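Trainee: Could we go through this model together, starting from the inside and working through the side-chain contacts?
Mentor: Happy to, let's have a look.

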Amino acid sequence: MARICILLFLCLAVPFGFGQARYSVTEEDAAGAGTPKVVVLHDAVGGVEAAVAPSQGGELSSFRVKFKGEWVELLYHARDYTHPQGFQGKGPVLWPAVGVQFPLGQFPKSTCGDGSYPLNGKTYPMPCHGFAKSLPWTEVNRTADNQGASVTVELRDSDRTRPFYPFAFQLDATFTLSGGLLTIDYTVKSDPANTEPMFFSIGNHIGFKIPFLPGTDAAAMTFASPSRQQLLRNSLGFVNGDEAPRSFETPQRLGDFDARVAIPLAGYKSAPYALLTDPQGLSLRVSQQSTSSLEEPIVRFNIYGGPTVGYFSPEPWFGVQNSLNIGKPLVHLTAGNSWTWRVQLKATGPPPESPKSAGVERFGGNFGYIEGPVWSKQGFVIFSDMFDSKILKMPQANHPEIYRDDTNGANGNAMDVEGRLYSCERDGRRVVRLEKDGRITVIASEFEGKRVNDPNDVVVRRDGQVYFSDPAPKDSLQHFELGYAGVYHVTPSGHISLVAKMPRPNGVTLTPDGHTLYVADTMQRKILAYDLDAEGNASHERVFISDIDGGPDGLRVAANGNVYIACRGVAIYTPEGKFIKMIEFPETPANLTFGDSDLKTIYVTARTSVYRVRIPDQGYLLYGDKDGKYSGYRGA
């Protein structure tokens, strides 16, 4: 009888909540009996919850985060379905159109009224922002395991969609909560029965309540986004095809600009994102990517709202107003194919004030996501901010300056003996060198006629031999032609060869004598070693260190051969691979470099901050003097 009761309990529990430990999924009423059902994703460790309402356009209904021990709801009108008029907030998808659609030469009654568009001699109506947000969706899957929690909802063509859009389609929205990050993948599938390409734009009308936190003046909140252009409107409020420079690269107070009439932002040079920050320390980043790009101008964020209305909506878009009539920019999807657009939400608080290990000092912070530190022979640290697509230098604490702009999402960096900077471009999918005169030289972009995947880290031997890692991240929407991840060798003459394939190559470095290459395999938590000959060719692959505490990332070798590895902290190992100690940091390290005049300091890039700490070992610069040190300015 007891066994029967247990089995009955489990059977009843499955539809309503499952998953253990960190991640789980539950189902509940949005706001009490009689309100729409929502599926709630939970990340207990990350302190994040996301609710999805399948019957309400498959929208994101709530997004809550824990800040200083208290739950904070970030969405405007979260779980509230009692306000049929006015701005509804939450996070509805906009598809198959963003904005209002109107035949050329005509204007609808309002800037977001019902419109129409022609197709094959017929005229079809189209609601503002499309119809997908107004129809019930169907839940098709939910799951929770030790990797995350997710739910997938879908909308298919039906008698309710064909009067607006004469194509057969399937639109899936998969909401995944993992590591405190909410990812929403919208996948559009064109049915094989379609006789011509279906076309569309897409967006999300997500709206956040402001301020985030009680006691904050909403006008004091800031907005940042690395746009370069604003699409202009005519006197009636419609986009007229003209553009003007407009950047929010430097954060601006919400009280210092007026977005009650939406501001369409375009001209992004790197992965588009929007950042809202409450001055009490809570920030929210909204980013997007897709499986293909479109020709500019294309609106990537349509910002709307402000302090006087109590909400701010940095709507991620992939299109422009009236695109169904002007014919661009539109995604064209042939029969039987699919296309994915990804939106991600990540809330962050301030890093802990107290370092975890003695002597750790926060040298600078409030960056996007930083990587690739290099010590310049001019006496300062250089590093990449991948989110902002910049390489920065910091001659003194908390005073960053631009070293290189528009870096295509540069990740790892290295220098050669001539003081030239080599960088792995995530978005450019290449390894480049910044020449002394400012020109960019491409070192590697293809292997055997196929584009490399996503160059991550690079190192240069004293004789000019270059080695770089090229993972193929599973969470990327890019199509990788090579079909594998690997490590490559580029000779001074430009010949490129494959050193090895591995699951997730990451940091690369050399021993001071240049005879051994070390490569971090993040997925398998180990460091591999390779012998290098006089021509730079690699051989004798072997496991140097295994079972590293946390996925290994960047690494460096000191003058005495000790190896410093960015992982859960910075782990130090002997030249024989024996563990010495772990240096703890307030944020998870990504990479490190030796620095200061005596090279007895490590500078560590850790998510949003640069940290430094003194070490007992003498560091070594592969591009320094022959003893690995440097004396005076060498032109870096």
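What follows is a set of questions and answers about cores, salt bridges, rings and the disulfide in this predicted model.

Trainee: Which residues touch the most other members of the largest nonpolar core, and how many residues does that core hold?
Mentor: In soluble globular proteins, nonpolar side chains tend to be buried together. Here, Phe-63, Leu-74, Trp-95, Phe-175, Phe-208, Phe-223 and Leu-345 touch the most other members of the largest nonpolar core. The number of residues in that core is 79.

Trainee: How many residues are in the second, separate core?
Mentor: Met-415, Tyr-564, Phe-585 and Ile-615 are among the members of this second core. Its residue count is 37.

Trainee: How many salt bridges does the structure hold?
Mentor: We will take a few of them one by one in a moment. The total for the structure is 31.

Trainee: Is Asp-159 buried or exposed?
Mentor: Asp-159 meets Arg-162 in a salt bridge, with 2.9 Å from N to O. Its partner Arg-162 is partly exposed at 38% relative accessibility. For Asp-159 the relative accessibility is 66%, and the cut-off for exposed is over 50%. Asp-159 therefore counts as exposed.

Trainee: How many residues apart in sequence are the parts that Arg-228 and Asp-406 tie together?
Mentor: The side chains of Arg-228 and Asp-406 form a salt bridge at 2.5 Å, N to O. Arg-228 lies in the loop between β17 (222–225) and β18 (229–233), while Asp-406 lies in the loop between β32 (401–405) and β33 (410–415). Both ends are partly exposed, Arg-228 with a relative accessible area of 26% and Asp-406 at 33%. Because of where the two residues sit, the pair ties together parts whose separation in sequence, in residues, is 178.

Trainee: Are Arg-420 and Asp-416 buried or exposed?
Mentor: These two form a salt bridge whose closest N and O atoms are 2.9 Å apart. Buried means under 20% relative accessible area. Arg-420 has 15% and Asp-416 has 5%, so both Arg-420 and Asp-416 are buried.

Trainee: Which residues are joined with Asp-416 and Arg-420 into one network?
Mentor: Salt bridges that share partners make the connection here. Besides Asp-416 and Arg-420, the network takes in Glu-418, Arg-433 and Glu-435.

Trainee: How many aromatic pairs does the structure hold?
Mentor: A pair of aromatic rings is described by the distance of the centres and the angle of the planes. The number of such pairs in this structure is 37.

Trainee: What is the arrangement of the rings of Tyr-76 and Tyr-311?
Mentor: Their centres are 4.9 Å apart, with 50° between the planes. Tyr-76 is in the loop between β6 (70–73) and β7 (93–94) and Tyr-311 in strand β25 (residues 311–319), so the pair ties together parts 235 residues apart in sequence. Both Tyr-76 and Tyr-311 are buried. The arrangement of this pair is tilted.

Trainee: What about the angle between the planes of Phe-223 and Phe-248, what is it?
Mentor: This aromatic pair is edge-to-face, with 5.2 Å from centre to centre. Phe-223 is in strand β17 and Phe-248 in strand β20 (residues 248–253), 25 residues apart. Both are buried. The angle between the planes is 70°.

Trainee: Which ring does the charged end of Arg-64 sit over?
Mentor: There are charges placed over rings in this model, and Lys-90 over the face of Tyr-81, at 4.8 Å from the ring centre, is one of them. The charged end of Arg-64 is 4.4 Å from the centre of its ring, which belongs to Trp-71.

Trainee: Which cysteine is joined to Cys-112, and is that partner buried or exposed?
Mentor: The structure holds one disulfide, and it joins Cys-112 to Cys-128 with 1.8 Å from S to S. The link is left-handed, with -90° about the S-S bond. Cys-112 is partly exposed at 40% relative accessibility. The partner, at 5% relative accessibility, is Cys-128, and it counts as buried.

How values were computed: Residues numbered from 1 in each chain as written. Predicted model: local features only at pLDDT ≥ 70, side-chain atom pairs only at ≥ 80, totals over all residues. Heavy atoms only, no water. Core = buried A, V, L, I, M, F, W, Y, C linked by side-chain atoms within 4.5 Å. Buried < 20%, exposed > 50% of the residue type's maximum accessible area, 1.4 Å probe, protein only. Salt bridge = Lys/Arg side-chain N within 4 Å of Asp/Glu carboxyl O. Helix = DSSP H or I, 4+ residues; strand = E, 2+ residues; numbered from the N terminus. Phe/Tyr/Trp six-rings, centres within 6.5 Å; stacked < 30°, edge-to-face > 60°. Lys NZ or Arg CZ within 6 Å of the ring centre and 35° of its normal. Disulfide = S-S within 2.5 Å.
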